[in-house]
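This report walks through a few local features of one protein model. Please keep the sequence and the structure in view while reading.

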Amino acid sequence: MDRHGLVVALLDACGTFFEPARTAFPGADEADWARAALLDPGAAGPGGAWRLDFRCFAIERPGGRWVLVDAGVGPADGPAAGWAPVPGRLPAALAAAGIAPADVETVVLTHLHEDHAGWTSGPGGQPFFPAARHVVQRAEVAALDRADPVWEWTVAPLRGTGQLHEVDGRHRLGAGITLLPTPGHTPGHQSVLVEQGLAGRDVLVTGDVLVHAVQLANPALPYSHERDRAAARASREHLLARAAQSGALLATAHLTRAFVEPPAGTEPDRPR
């Protein structure tokens with residue numbers, strides 16, 4: 001189990017992306033790819049394939065309670081089944097960490113893509129985490145098409161049970177946990193700052209602000225599936241600079257290493 005202080009990495013799945021890396025990041029040059037290979041050598045598959053992990057993070061709270069960041073690819077019949085390596089193994093990973101679904105008091109959804117919301121529903125369409133509020137940016141829900149399968153899989157059922165909590169912008173979730181708006185990958189994407197104090201270094205859970213080590217090598221690089229590339233770049237550069245300035249560790253959803261050092265960067269230009 002990979003753990004830093006209060007933050008536990010939970011691997012739901014690993015597999016090969018449906019596009020080669022050089023297609024997904026068309027602006028990268030040879031120097032970018034060379035540095036990315038050093039930062040995350042496990043991501044390089046045969047023939048230019050992009051190998052990636054699908055990871056969630058659990059944050060320990062007092063009294064045996066937990067906050068979960070993202071909900072993975074989900075079961076075999078989940079909305080990510082058309083392209084992601086389902087079924088995911090998050091239930092087994094939680095059990096191995098000693099976490100029961102009922103112990104999760106909050107699920108933070110960085111965004112509403114299929115591979116981050118898969119375990120929001122369980123058998124029979126009931127919430128997989130029965131006691132958890134699910135926190136998402138209001139802008140993310142507003143931008144989601146009603147025809148998107150995540151609407152019926154996640155948004156509609158959680159609204160029906162009163163477990164969907166929509167927030168606006170920066171939001172203090174509890175002592176030591178702050179949700180940071182990082183739009184661009186999707187309109188309401190958010191990342192999570194975990195201030196650990198005596199438990200160790202702060203951790204920034206990035207979500208899909210960066211999805212491949214080539215964006216650590218060159219944070220200006222766009223990703224072909226970002227909704228707003230300019231906003232995504234600004235969010236990525238700001239978040240990485242913030243981590244470099246504060247000494248926070250990055251907790252990544254898709255790199256083949258759960259926890260990585262931020263690259264040296266410029267100072268943030270404004271607070272968020």
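The pLDDT is the predictor's confidence in each residue, on a scale from 0 to 100, and a contact means heavy atoms within 4.5 Å. In this predicted model, the protein averages a pLDDT of 94, and 97% of the residues score at least 70. Over residues 266–272, by contrast, pLDDT stays under 50, and for this stretch the model has 18 contacts beyond four places in sequence.

**Helix α6**

Helix α6 covers residues 149–161, that is 13 residues, and reaches 18 Å from its first C-alpha to its last, which is close to the 18 Å expected at 1.5 Å a residue. A kink of about 25° is nevertheless found at V155, shortly before the proline P157. The N-terminal end of α6 is capped by D148, of which a side-chain oxygen lies 2.9 Å from the backbone nitrogen of V150. Just after the helix, G162 adopts a positive phi of about 75°.

V155, where the kink lies, is also one of the buried residues of α6, together with V150, W151, W153, T154 and L158. These buried residues pack against the following elements:

| Element packed against by the buried residues of α6 | Residues |
|---|---|
| α4 | 114–117 |
| β6 | 133–137 |
| α5 | 138–143 |
| β7 | 164–167 |

**The loop residue W119**

W119 is found in the loop between α4 and β6, two of the elements against which the buried residues of α6 pack. Is W119 buried or exposed? Its relative accessible area is 9%, and because buried means under 20%, W119 counts as buried. Leaving aside neighbours within four places in sequence, W119 is in contact with D12, A71, G72, G74, P75, G88, L90, P91, F128 and F129. Of these partners, G72 stands 47 residues away along the chain, yet the C-alpha atoms of W119 and G72 are separated by 6.1 Å.

**The six-stranded sheet**

An open sheet of 6 strands runs in the order β8-β9-β10-β11-β12-β13, with mixed pairing. Its edge strands are β8 (171–174) and β13 (259–260), each of which pairs on one side only. Within the sheet, strand β9 (residues 177–181) and strand β10 (residues 190–194) pair in the antiparallel sense over 5 bridges, and L180 stands opposite S191 in β10. Strands of a sheet pair through backbone hydrogen bonds, either parallel or antiparallel.

How values were computed. Residues are numbered from 1 along each chain as its sequence is written. This is a predicted model: local features need pLDDT of at least 70, side-chain atom pairs count only at pLDDT 80 or more; totals for chains, interfaces and linings use all residues. Side-chain values use heavy atoms; hydrogens and water are left out. Helices (H or I, at least four residues) and strands (E, at least two) are DSSP runs, numbered from the N terminus. The expected span of a helix is 1.5 Å times one less than its number of residues. The bend at a residue is the angle between axes fitted to the seven residues ending there and the seven starting there. Buried means under 20% relative accessible area, exposed over 50%, partly exposed in between (1.4 Å probe, protein chains only). A polar contact is a pair of N or O atoms within 3.5 Å; within protein, one must be able to donate a hydrogen and the other to accept it, and residues adjacent in sequence count only if both atoms are side-chain atoms. Two strands pair if DSSP finds at least two bridges between them.
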